[in-house]
Structures are given as structure tokens and as C-alpha cells.
Amino acid sequence: MLIAQLTDLHIGAGRRLAYRKVDTAGALEKAVAHVMAMNPRPDVVLFTGDIGDLGSQQEYALVAEILTKLTLPYFMVPGNHDRRAPLRTAFPDATPVKGGAAFVNYVVDDYPLRLIALDTLDEGKPGGVLGAEQFDWLRGVLSDGDDRPCLIFMHHPPIVTGIAHMDAQNLGEGADELAAIVAQHRDRIRAIICGHVHRPIHTIWAGVPLMIGPSVAHQVAFDLRDDGPSAFVMEPPAMHLHVWDTASQNLLTHLAYIDRYDGPHPFFGADGKLIV
């Protein structure tokens, strides 16, 4: 099972450049083309938040137009730049919430690895939050009798990365409670994947792997100073490809760059010898 993670699209209405610099719509088009050209293709694509830049209907209409070329199943959770209602209206199949639930929490049961979407949006604020209703829902999912391994995907990471201006807006309220739940079910939760930080970051948290994906457009500047400025860099757009091996019950993650680069070039010549 192959899972492509695309995150932090920041699409602006009318193809507006993000921060007057970044062609985010063009970046998403390249990301979709990259995914569709993969061999083998992913089984599913997970968008881990910041689908739009301001959360407007016009932004989501442009995203939907671009995603017409993504002919694979895909699912979304909101990020801090999103708004729940217009996101759900624009992408009902990609946010399959049951009933009149207030949050974009849902489970995808169509694959060997169970996919659990967790909504960390605190609408109108940059940081994330999880509350009692969210935790009751998550406990119910993890205790519903389905013993398959699972993966949680959400926007805000519950960790401190060392990038100060991003750590100030991580998953603050609720991180400790989430850690307790994850630790209790770490035999089944194979990983947690997040967005938000615009950098590939990997760690072990509450006993399970936690991976933050890079943006498909622009990256947050790598700066571990306590007073490091809030800034971005035009490092290569990228994605994570998560590979689930059903036989070994192992999840492996690749970092894949989206732009085209020179190559591939052979290591060995026609004579079978190493090219020197």
C-alpha cells in the first residue's frame, strides 16, 4: 500500500502568489502530475492541511479544478489556513464526516492500513487544539473492535521542532492527552503524519513514529535560533511517500522531490563495469 502525502498547498484565489512570491497553484499542478506519473502509483493521497491560504470558496474551487487531474482516491484534513465549512462543501468525498459532526474527523477503512483523520483546527488561530469531544471520538475509534493497524493524519504536530516561530503555533492544548491515548494504543498506531511546519522532520513520539511532511510549494527556513525570524525559502518542493508492507506490518517513508532533475544516469556501462 502506497500513501502519498501532499501538504501545505496554500492556494490563493485567482492564482494569487503566496507572499507575493510563491506560485502555489503551479506547485500543486506539478505535484499532481508527479503523483500521476509515478510507477507504481500511490493507492491513496492524503492532504494534511492548509489546502487554501485564506479558506475561501474561490480558493477551494481552484484546488478542485487542479485536482480533476488527480484520478486517485484522496482525503483531506484542515489546516490553520483553512475553514471547515467551505472545505467540506467543496470536498465532501475527501472529508467524509458522518452526520452533523462539528469536526473533520473520520476513518477510511478501505485499505489494509486504517486511516484516521484528526482535525486540529482552532479556526481563526495559527496554533492547533484538541478537546474533550475530539478525544472521546478518537478513543471510540481505537476501541471499536477493529484490530487493524492504523495511521493518524492531522495538520498540527504535537512536538517541539526547534524552529521557534513554528513551535509557537504547534498543537498546544491537548497534546498531552493525545500522547496518553497514542501511548495506550501504540501497538496498533503505526505512525502519525502531520503538515504545518513545511519541513521533513521525523521522530518517535508517545512510542510511535511521527513524521512532518515538506510543503509541495515552499519550505520554512531551517533556523534553530531562539530568535530566528519567521521566514520561508524556495527549497525544492517535495512530498512524503509512505509505504505500508502488509506482510511485515512495517511502515517506511521516502522523501520524494517533485521538480524534475537531471537523470537518472547509470552507474554501470554496457560492459557491466562501474563507470569511472
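A residue counts as exposed when its relative accessible area is over 50% and as buried when that value is under 20%, with partly exposed in between. In this predicted model, Val276 has a relative accessible area of 96% and is therefore exposed. Val276 is placed in the segment after β15, a strand that covers residues 250-257. Together with Phe267, Phe268 and Leu274, Val276 makes a nonpolar surface patch of about 550 Å².

The opposite case is found in strand β7, where Leu151 lies. With a relative accessibility of 0%, Leu151 falls under the 20% limit and so counts as buried. Its contacts, neighbours within four places in sequence being left aside, are Ile3, Leu46, Leu113, Arg114, Leu115, Ile116, Ala191, Ile193 and Leu251. Leu67 is not among these contacts; the C-alpha atoms of Leu151 and Leu67 are separated by 24 Å, and the two residues are 84 positions apart along the chain.

Trp244 offers another buried site to look at, its relative accessible area being 2%. This residue belongs to strand β14, which spans residues 238-245. Although Trp244 and Met1 are 243 residues apart in sequence, their C-alpha atoms are 5.1 Å apart in space. Met1 is also one of the contacts of Trp244 outside the four nearest places in sequence, and the others are Pro112, Leu113, Pro149, Arg190, Gln249, Asn250 and Leu251. Leu113 and Leu251 thus appear in the contact lists of both Trp244 and Leu151.

Turning to charged side chains, a search of the whole structure finds 15 salt bridges. Side chains of opposite charge can pair when their charged atoms come close. A good place to see this is Asp109, which is partly exposed at 36% relative accessibility. The side chain of Asp109 meets that of Arg114 in a salt bridge with an N to O distance of 2.6 Å. Arg114 itself is buried, with a relative accessible area of 4%. Asp109 also forms a salt bridge with Arg148, where the closest N and O atoms are 2.8 Å apart. This second pair links distant parts of the chain, 39 residues apart: Asp109 sits in the loop between β4 (106-108) and β5 (114-117), whereas Arg148 sits in the loop between α4 (132-142) and β7 (150-153). Arg148 is partly exposed, at 23% relative accessibility.

Arg114 has a further partner in Asp146, and here the closest N and O atoms are 3.5 Å apart. The pair again links distant parts of the chain, with Asp146 in the loop between α4 and β7 and Arg114 in strand β5, 32 residues apart. Through shared partners, the salt bridges join Asp109, Arg114, Asp144, Asp146 and Arg148 into one network.

Finally, the packing of two helices can be described. Helix α4 packs with helix α6, which covers residues 175-184, at an angle of about 5°, and the two axes are 11 Å apart. An angle under 35 degrees counts as roughly parallel, and α4 and α6 are therefore roughly parallel to each other. On the α4 side the contact is made by Phe135, Leu138, Arg139 and Leu142, and on the α6 side by Glu177, Leu178 and Ile181.

Conventions
Residues are numbered from 1 along each chain as its sequence is written. This is a predicted model: local features need pLDDT of at least 70, side-chain atom pairs count only at pLDDT 80 or more; totals for chains, interfaces and linings use all residues. Side-chain values use heavy atoms; hydrogens and water are left out. Helices (H or I, at least four residues) and strands (E, at least two) are DSSP runs, numbered from the N terminus. Buried means under 20% relative accessible area, exposed over 50%, partly exposed in between (1.4 Å probe, protein chains only). Contact means heavy atoms within 4.5 Å. A salt bridge is a side-chain nitrogen of Lys or Arg within 4 Å of a carboxyl oxygen of Asp or Glu. Patches are made of residues with over 30% relative accessible area and no salt bridge: like charges are joined within 9 Å, nonpolar side chains (Val, Leu, Ile, Met, Phe, Trp, Tyr) within 5 Å. Accessible areas come from the Shrake-Rupley method with a 1.4 Å probe; for residues, only the protein chains shown count as cover. Axes are lines fitted to C-alpha atoms, for helices over the stretch in contact, and angles run from 0 to 180 degrees between N-to-C directions. Angles under 35 degrees count as roughly parallel, over 145 as roughly antiparallel, 65 to 115 as roughly perpendicular and the rest as oblique.
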